[in-house]
Amino acid sequence: MKILAIDTATEACSVALLHDGQLYERHELAPRRHAQLALPFVDAVLAEAGIGKHQLDAIAVGRGPGGFTGVRLAISLAQGMALGLDVPVLPVSSLAALALDIAMAAPDAALLACIDARMGEIYAGVYRRTPDGLVQLQGDECVGPADRIVLPRAAQWAVSGSGWSSYGDVLQERIGMPLFADGGRFPRAAMIARLAAPCLARGEGVAPEHALPVYLRDKVALTMAERAAS
């Protein structure tokens, strides 16, 4: 199984290759440089693994939520490569990738993945680690103020993502002190690839034109009146 994974939904530009169980990755915090770095990162992981693009079985992509431009870039890259190679696309939640990245740190806790969505809001999803070592969404992914997003009851929590860095004090009032928290983590393509692998095995890849971004909201900026009010 050879899966190339791309995620540019946040400040991080992340590319990984899952090649017969081994992961090769390039990951860098590079706001506004995703378009410059993504394709060189693709070439780098393929070269490290010693394979060519034509040997890939699928392209996995972080479908968001996240920055509008970054999410669109990753989807566009995945669509273009998959179309040229005639392979399926495996869209994966960028929040799920965040949750999987900390699943081993607190395997029995509710995993809150949260990304700063700007405009006083966060993108959030709550996950649980599954017996196969992956994660499963509990409820729905959402966007909203940290003090209003819907959270299930849980005895223990682990939190990952820039939403904690920006609104950790608000979230802590709601969930208490988590067993583990890291506001400096961003979605990693290595986690996208791991989540995509069983999907490919089940034949769940989609045609490039059906790989769609998930924004959770369709508004990119506050109006002048909203900025004045806030």
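At the start of helix α3, Ser93 makes a link to the backbone: one of its side-chain oxygens comes within 3.1 Å of the backbone nitrogen of Leu95. This is a predicted model. Helix α3 covers residues 94-102. Eight of its nine residues are buried, so α3 is largely enclosed by the rest of the structure. The buried ones are Ser94, Leu95, Ala96, Ala97, Leu98, Ala99, Leu100 and Ile102.

**The open sheet**

Five strands make up an open sheet. Their order is β3-β2-β1-β4-β5, and the pairing is mixed. Strands β3 (22-29) and β5 (89-92) are at the edges. Each has a single partner strand, so one side of each has no neighbour in the sheet. From one strand to the next, the twist averages 15°.

Strand β4 (residues 58-62) runs parallel to β5, and four bridges join the two. One position shows the pairing: Ala60 has Leu90 in β5 as its bridge partner. Helix α1 (residues 34-49) packs on the sheet. It touches β1 (2-7), β2 (12-19) and β3. The direction of α1 makes about 20° with that of β2.

**Two nonpolar cores**

The largest nonpolar core has 38 residues. Which members touch the most others? They are Leu90, Leu111 and Val135. Several elements give two or more residues to this core: β1, β2, β4, β5, α3, β6 (110-118), β7 (121-129) and α5 (189-201). Helix α5 gives the most, with ten residues.

Leu90 deserves a closer look. Leaving out residues up to four places away in sequence, Leu90 touches Ile3, Ala58, Ile59, Ala60, Val61, Ala196, Cys199, Leu200, Glu204 and Gly205. Another core lies apart from the largest one. That core has 29 residues, including Ala9, Ala49, Ile59 and Ala82.

**Two hairpins**

Strand β7 pairs with β6 and also with β8 (residues 135-144). The table sets the two pairings side by side.

| Strands | Sense | Bridges | Residues between strands | Positive phi | Example of facing residues |
|---|---|---|---|---|---|
| β6 and β7 | antiparallel | seven | two | Met119, near 55° | Leu112 and Val126 |
| β7 and β8 | antiparallel | seven | five | Gly133, about 85° | Arg128 and Gln136 |

In the second hairpin, Gly133 sits in the turn.

**His34 and the helix pair**

His34 belongs to helix α1. Is His34 buried or exposed? Its relative accessibility is 10%, so His34 counts as buried. Its side chain reaches the backbone oxygen of Thr10 at 2.7 Å. Setting aside neighbours within four places in sequence, His34 is in contact with Thr8, Thr10, Glu11, Ala12, Cys13 and Leu73.

The contact with Leu73 leads to a second helix. Two packed helices are described by the angle between their axes and the distance between the axes. The axes of α1 and α2 (residues 68-85) come within 11 Å and cross at roughly 35°. This crossing is right-handed. From α1, the residues His34, Ala35, Ala38, Leu39 and Val42 take part. They meet Leu73, Leu77 and Met81 in α2. An α-helix has 3.6 residues a turn, so residues three or four places apart point the same way.

**Ser14**

Ser14 is part of strand β2. With 0% relative accessibility, Ser14 counts as buried. Which side chain does the side chain of Ser14 meet in a polar contact? The partner is His27, at 2.9 Å. Not counting residues up to four places away in sequence, Ser14 touches Ala5, Ile6, Asp7, Glu25, Arg26, His27, Pro187, Arg188 and Ala189.

**Val206**

Val206 lies in the loop between α5 and α6 (224-229). It is partly exposed, with a relative accessible area of 26%. Beyond its neighbours within four places in sequence, Val206 is in contact with Pro88, Val89, Pro91 and Ala211. How far apart in space are Val206 and Ala109? The distance is 32 Å, C-alpha to C-alpha, and the two are 97 residues apart in sequence.

Methods. Residues are numbered from 1 along each chain as its sequence is written. This is a predicted model: local features need pLDDT of at least 70, side-chain atom pairs count only at pLDDT 80 or more; totals for chains, interfaces and linings use all residues. Side-chain values use heavy atoms; hydrogens and water are left out. Two strands pair if DSSP finds at least two bridges between them. Axes are lines fitted to C-alpha atoms, for helices over the stretch in contact, and angles run from 0 to 180 degrees between N-to-C directions. Contact means heavy atoms within 4.5 Å. A nonpolar core is a set of buried Ala, Val, Leu, Ile, Met, Phe, Trp, Tyr and Cys residues joined through side-chain atoms within 4.5 Å. Buried means under 20% relative accessible area, exposed over 50%, partly exposed in between (1.4 Å probe, protein chains only). A polar contact is a pair of N or O atoms within 3.5 Å; within protein, one must be able to donate a hydrogen and the other to accept it, and residues adjacent in sequence count only if both atoms are side-chain atoms. A crossing is left-handed if the near helix is turned anticlockwise from the far one by less than a right angle, and right-handed if clockwise.
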